[in-house]
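Here's a quick briefing to read with the structure open beside you. Pull up the model and follow along topic by topic.

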Amino acid sequence: MLRRANAEISALWWRLLGLGGLDRARWQRLPRLTRRATKTFAWVAIGLLLVGFLGVWKWSALPMAAVVLLLVIPRYDRVTVGGRRVGRFIIPLAVLAIAVTYPIWASSNGTVNPGLPQLPIFGTFPQMSTMVGMAVFVMMALGLNFVVGYAGLLDLGYVAFYAMGSYTAGWFASSQFAHQNLFIGAIGVTPGLTGFHFSIWLVLLMAGIATAIIGVLIGLPTLRLRGDYLAIVTLGFGEIMPQIARNGDNLFGTGFNLTNGTGGITPIDPPGFGNWLHHHVGLPANYLTLGTNSDRAFFWTALILVLLTVFVSSRLRDSRLGRAWIAIREDEVAASAMGIPLMRTKTWAYATGAFFGGVAGAYYAAYNSGAFPDQFFFNISVFILCMVILGGMGNIWGVIFGACFLEYLDLEGLNNVGAWLNGHFGPGGSDFSLWHKTLDVPLYEFGIYGVIIVVVMLFRPQGLIPSSRRAAEFEEGVHDQPLYDVEAV
Amino acid sequence: MADALLETVSLRKEFGGLVAVDDVDFVVPAGAIVSLIGPNGAGKTTFFNMLTGVYKPTVGRVVFEGRDMTGKPPHAFTHRGIGRTFQNIRLFQNMTALENVLVGMHTRIKGNLFEAIARTPRIRREEERARGHARELLEYSGLQRKDGVVGRNLSYGDQRRLEVARALATEPKLLLLDEPTAGMNPQETAEFTSFVSRLREDRGLTVLLIEHDMRVVMGVSDRVTVLDYGEKIAEGTPSEIQKNDRVIEAYLGSAAVSLK
């Protein structure tokens, strides 16, 4: 049915273009590059028109359009230097360059650069604080992608790893344990403070390792289960961790305060490099003393962490372990008959995913200067899973896109959409009033995500940017009927 | 038997009240090609699954190279040197032929997670070696120039061949083939039969076959074992089996014996 709908739409297009004198046969005869360029030009022109009429026009839109054209039209993947296919790095590096320079061209003194155009409906470009959140969630989604995308294990409790990471930062970079007094490269600590105060870099590593260990501990009893059963058990663990966080101010009735209960752990020390590195290398001593520019430092640091995650993701995907993960996803029985130890391989996927969830959680805790139990509800697990599904399971680009888009909507996008809708159609709207009470769009957040996911599942179940393999699986289905008897697993 | 590569001692499997395999003592001598035959539902595949660790036997032991393997997980069997194919082809359908074979080499490639991330020179060498070896195996199995084709796009015969190549990649001492010629036409079957003999000559493999096609069984095996209702009813050379009354009865009914 969908295929027919697509065919109908394309036929309609050709009829419309035919009115303009464009003939299909002639179009097909054009060189591929010309066709590609024409199509891209058309889309960019439509985009510019939309910005002009529905957004706020600024001339800076033109150089931005030029960058898009320059990136999309040439076939960079064909470029070779001395027989090595270096071309495939061009687009990733360009995207990275755009991201790295974002704080410079898109933000000035803590607000969005007023020289930039405003998009229709979505309004201004994301603020720096939103960008930090997006980067952190890209990292978490990539972590979950190890489990869901590569190994094909449905994990509904990923928030447990996020919580574990955040609380590790809380324990080792705050005054939570007031009886202890241990400082290792502490940043921004006033004299006389007690507790563990470790440098953020050490804390990130510790959070990753601690969370990976938790991942292994959760994985060992649960990864024997298949499919739905595993999902339910991970769901349970995802609920247990925040409950421990919420009630951990009197652990097992011993009076030991582990998590400070509903109050959460705050403040957590800010990141920084300390005075020595500041004077000798020029790195910021303490991110918080940077004032309005502190979000830039936070963003760049998050970007480095994301790069690290992407690097590990791609290296592992192409390794012996990555092949084993994909083999397990495709057919568990055949995989084990090929000598792949199921438990160990799945546990590695879990531990790797947990590691990055933990690092991301710790970093976000340092950014927010606190770890609060309210951050770790079940809906965050589903939210991160949605990022992976929306973008395209198993594909690094897809997951990055999904995470950026959904986290942007969460932090800023829906607000902007609401403001635009109310401004145009709300009470006293500039166009006409469709409703008479201000519409609170972010209130319907999860409803909107639900609709997005349903639409994506209907029209593009493999995700927006799927890996070619995953796309094939969605078309063909994997044949993975259980052959084991329960005790043999 | 001193030169037994694989041995089962009163191997038994029950599913609830059903006895699928009933106290089977069975020996595969090193270097032999042994066939396991029997009517449908005789328990051949269940028996196979116990030999590869997919099922745990209810009673009895599986001994490979003098080592008791009972209760070990499937990957341990593969690691020790038992490779297998499946009756209903179980390739990794969305991986290329080369990747399928590389997965088969899993236990023979060294390198842990951290080395893979750092892509150390050792890992590079291992990967290079593995890829080269995988291409050789594909060629050996008659899949030249098919390395980049994903499993599900291969023809049926090629899928069967790829399953064997993948099993060979585990560097087995004993290769278990579960109805490898099912669905093949006579010419493909003949090619496959000679391929199995070649496996023993070129690679010194011991082969255990489940087979329905009697031409294959009689043409290639040194020994034949017959299962019926989970019990071993006969064992011997192909010509002995052809004359065995119990075997004829199991396949054709008791009337066939009295006709003889």
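What follows is a short tour of this predicted model, going from the sheets of chain B to the core and the chain contact.

The centrepiece here is strand 7 (residues 174–178) of chain B, which sits in an open sheet of six strands. Five of the five residues of strand 7 of chain B are buried, so the rest of the structure largely encloses it. After that come a four-strand sheet in chain B, a nonpolar core of 176 residues and the contact between chain A and chain B.

**The six-stranded sheet of chain B**

- Reading across this open sheet, the strand order is 6-7-8-3-9-10 (chain B), and the pairing is mixed.
- At the edges you'll find strand 6 (82–84) and strand 10 (231–236) of chain B, each of them pairing on one side only.
- On average, neighbouring strands in this sheet are turned by 20° against each other, direction ignored.
- In general, strands of a sheet pair through backbone hydrogen bonds, either parallel or antiparallel.

**Strand 7 of chain B and its partners**

- Strand 6 of chain B runs parallel to strand 7 of chain B, and three bridges join them.
- Two of the bridge partners to look up are R84(B) with L176(B) and G83(B) with L175(B).
- Strand 8 of chain B also pairs with strand 7 of chain B in the parallel sense, over five bridges.
- For that pairing, try L174(B), whose bridge partner in strand 8 of chain B is T206(B).
- Which residues of strand 7 of chain B are buried on each side? L174(B), L176(B) and D178(B) are buried on one side, with L175(B) and L177(B) buried on the other, so both faces are covered.
- As a rule, side chains in a regular strand alternate between the two faces of the sheet.

**The four-stranded sheet of chain B**

- This second open sheet has the order 2-1-4-5 (chain B), with antiparallel pairing.
- Strand 2 (18–29) and strand 5 (67–68) of chain B are at the edges with a single partner strand each, so each has one side without a neighbour in the sheet.
- Strand 4 (residues 59–64) of chain B pairs with strand 5 of chain B over two bridges, in the antiparallel sense.
- Across from F64(B) you'll see R67(B), in strand 5 of chain B.

**Helix 1 of chain B**

- Helix 1 (residues 44–51) of chain B lies across strand 3 (33–37), strand 6, strand 7, strand 8 (206–210) and strand 9 (223–228) of chain B.
- Relative to strand 7 of chain B, helix 1 of chain B runs at about 150°.
- Helix 1 of chain B also lies across strand 1 (4–15), strand 2 and strand 4 of chain B, at about 60° to strand 2 of chain B.

**Domains of chain B**

- The domain assignment splits chain B into domain 1 (1–81 + 172–260) and domain 2 (90–171).
- Taken over C-alpha atoms, the centres of domain 1 and domain 2 of chain B are 27 Å apart.
- Eight residues of domain 1 of chain B and seven residues of domain 2 of chain B make up the contact.
- On the domain 1 side, those residues divide into four nonpolar, three polar and one charged.

**The largest nonpolar core**

- Of the 176 residues in this core, A135(A), V138(A), A141(A) and M387(A) touch the most other members.
- Helix 6 (residues 128–150) of chain A gives the largest share, 17 residues.
- Chain B takes part too, with at least three residues from each of domain 1 and domain 2.
- Leaving aside neighbours within four places in sequence, M387(A) is in contact with F137(A), A141(A), V399(A), G402(A), A403(A) and L406(A).

**Where chain A meets chain B**

- The contact takes 30 residues from chain A and 31 residues from chain B.
- On the chain A side, helix 11 (294–317), helix 12 (320–330), helix 13 (332–337) and helix 18 (468–476) give two or more residues.
- Which of these helices gives the largest share? Helix 12 of chain A does, with seven residues.
- The chain A residues that touch chain B divide into 17 nonpolar, three polar and ten charged.

**One tryptophan in chain A**

- W105(A) is in helix 5 (residues 90–105) of chain A.
- With 15 other C-beta atoms within 10 Å, W105(A) counts as partly exposed.
- W105(A) and G463(A) are 358 residues apart in sequence and 31 Å apart in space, C-alpha to C-alpha.

Note on methods. Residues numbered from 1 in each chain as written. Chains lettered and ligands numbered in written order. Predicted model: local features only at pLDDT ≥ 70, side-chain atom pairs only at ≥ 80, totals over all residues. Core = buried A, V, L, I, M, F, W, Y, C linked by C-beta atoms within 7 Å. Buried ≥ 20, exposed ≤ 12 C-beta atoms within 10 Å, placed from the backbone. Domains from an automatic or database assignment. Contact = placed C-beta atoms within 7 Å. Pairing = 2+ DSSP bridges. Axes fitted to C-alpha atoms, helices over the stretch in contact; angles between N-to-C directions. Nonpolar A, V, L, I, M, F, W, Y, C, P; charged D, E, K, R; others polar.
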